[in-house]
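Hi everyone, thanks for making time. I'd like to walk you through one model today, moving from single residues to a helix pair and out to the whole chain. Let me put it on the screen.

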Amino acid sequence: VVLFCSVFLDLKADTQLPGNESELFQSFDWVLYNSLAQYKQFPLWNPFVNTGVSFVGDPMLHIYNPVVTLPVLLFGVQDGFKLALFFSFLLAAFGMWRLGQVLGLGGSVRVWMALMYVFAGQPVARFFQGQYLFVLSFAWFPWIFSSLFRLAYTGRRRYMAEVVLFMALLFFCGNVYHQFYVVLLIALFALIMLFRIKSGQGQRAGRRRLVLNLAFLKNLVIV
């Protein structure tokens with residue numbers, strides 16, 4: 001991951017990120033950075049798009065994602081956004097490694113899973129096309145489902161909180177339609193896990209708990 005990202009991690013240089021949408025997605029960060037630096041105010045309106053649009057209500061807004069906003073505020077928009085992409089690739093790799101651990105896979109297999117996930121065709125192609133919101137978003141899918149597996153196996157509220165946290169971070173990446181994918185995947189996950197739980201009184205209680213927990217998560221995404 002470090003070797004791949006070293007191509008664009010030339011901080012303090014004027015190197016532009018690839019893709020024809022790079023400046024579009026970074027425009028949100030410029031609005032936030034300039035508003036805080038010059039006026040000491042959080043922006044509510046973006047006057048630089050057409051005749052002006054809502055800043056906080058934009059469905060593609062990603063400034064609530066700390067993986068992006070903290071580097072941007074600390075290092076500036078150009079260098080901070082490069083670091084945000086680097087951190088997203090790292091989070092995707094560690095998230096898939098964690099999912100492999102939850103599934104009981106060996107260390108070498110987990111490493112291979114992480115590399116295959118990070119360097120799959122879609123995230124790499126989206127990166128070179130400049131569709132960076134996908135790069136920011138795909139990092140959180142393995143974290144969500146590793147916590148979902150632990151929630152299904154244990155029923156602990158801690159893992160429910162983890163799923164909610166990672167789903168919120170996914171939402172704050174700016175790709176709103178990814179939430180609808182999560183709804184479908186949670187429904188499919190619930191169906192599979194229900195068949196894995198065997199019959200019996202304790203198992204029936206476990207099924208009810210699982211259905212309630214996953215129904216809560218699905219409704220949370222829809223809201």
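Let's begin at one small spot: a polar atom of the Ser 54 side chain sits 3.0 Å from the backbone nitrogen of Gly 57. Before going on, please keep in mind that this is a predicted model. Ser 54 belongs to strand β2, which covers residues 53-54. Is Ser 54 buried, exposed or partly exposed? With a relative accessible area of 31%, Ser 54 is partly exposed, because that value falls between the 20% limit for buried and the 50% limit for exposed. Setting aside neighbours within four places in sequence, Ser 54 has contacts with Leu 44, Trp 45 and Asn 46. For Leu 44, the C-alpha atom is 6.4 Å from that of Ser 54, with the two positions 10 residues apart along the chain.

A little earlier in the sequence there is a backbone angle to look at. Lys 40 has a positive phi of about 60°, and it is not a glycine. As background, most residues other than glycine have a negative phi. Lys 40 sits in the loop that links α2 to β1, the latter being residues 45-46. Its relative accessibility is 68%, so Lys 40 counts as exposed, the cut-off being over 50%.

Now for helix α3, residues 66-75, and its partner α4, residues 77-102. How do these two helices cross? Their axes come within 7 Å and cross at roughly 145°, and the crossing is right-handed. On the α3 side, the contact uses Val 67, Val 68, Pro 71, Val 72 and Phe 75. On the α4 side, the residues include Val 77, Phe 81, Leu 83, Phe 87 and Leu 91. Sorted by class, the contact is made of 11 nonpolar, two polar and one charged residues.

The ends of α3 are worth a look too. At its start, a side-chain oxygen of Asn 65 comes to within 3.1 Å of the backbone nitrogen of Val 67. Just after α3, Gly 76 has a positive phi of about 90°. Which residues of α3 are buried? They are Val 67, Val 68, Thr 69, Pro 71 and Val 72. As a reminder, an α-helix has 3.6 residues a turn, so residues three or four places apart point the same way. The cover over the buried residues of α3 includes α2 (22-39), α4 and α7 (132-138).

Helix α2 has a residue of its own to show you: Gln 26 is found there. At 7% relative accessible area, Gln 26 is buried, since the limit is under 20%. Beyond its neighbours within four places in sequence, Gln 26 is in contact with Leu 17, Val 77, Gln 78 and Phe 81. Two of these names, Val 77 and Phe 81, you have just heard in the contact of α3 with α4.

Further along α4 we find Arg 98. Is Arg 98 buried or exposed? Its relative accessibility is 11%, so Arg 98 counts as buried under the 20% limit. The side chains of Arg 98 and Ser 147 are joined by a polar contact of 3.2 Å. Not counting residues up to four places away in sequence, Arg 98 also touches Trp 143, Ser 146, Arg 150, Glu 162 and Phe 166.

Two more stops before we zoom out. Gly 107 is in helix α5, residues 107-118, and at 35% relative accessibility it counts as partly exposed. Gly 107 and Trp 97 are 10 residues apart in sequence, with 8.5 Å between their C-alpha atoms. Phe 189, in helix α10 (residues 177-196), is buried, with a relative accessible area of 7%. Phe 189 and Ala 152 are 37 residues apart in sequence, and their C-alpha atoms are 9.6 Å apart.

Finally, the whole chain. Its secondary structure comes to 11 helices and two strands, in the order α-α-β-β-α-α-α-α-α-α-α-α-α. Of its 223 residues, 44% count as buried. Among contacts between residues at least 6 apart in sequence, 66% join residues at least 24 apart. The accessible surface is about 12100 Å², and 66% of that belongs to carbon and sulfur atoms. Thanks for listening, and I'm happy to go back to any of these spots.

Terms used
Residues are numbered from 1 along each chain as its sequence is written. This is a predicted model: local features need pLDDT of at least 70, side-chain atom pairs count only at pLDDT 80 or more; totals for chains, interfaces and linings use all residues. Side-chain values use heavy atoms; hydrogens and water are left out. Axes are lines fitted to C-alpha atoms, for helices over the stretch in contact, and angles run from 0 to 180 degrees between N-to-C directions. Helices (H or I, at least four residues) and strands (E, at least two) are DSSP runs, numbered from the N terminus. A crossing is left-handed if the near helix is turned anticlockwise from the far one by less than a right angle, and right-handed if clockwise. Contact means heavy atoms within 4.5 Å. Ala, Val, Leu, Ile, Met, Phe, Trp, Tyr, Cys and Pro count as nonpolar, Asp, Glu, Lys and Arg as charged, and the others, Gly among them, as polar. Buried means under 20% relative accessible area, exposed over 50%, partly exposed in between (1.4 Å probe, protein chains only). A polar contact is a pair of N or O atoms within 3.5 Å; within protein, one must be able to donate a hydrogen and the other to accept it, and residues adjacent in sequence count only if both atoms are side-chain atoms. Accessible areas come from the Shrake-Rupley method with a 1.4 Å probe; for residues, only the protein chains shown count as cover.
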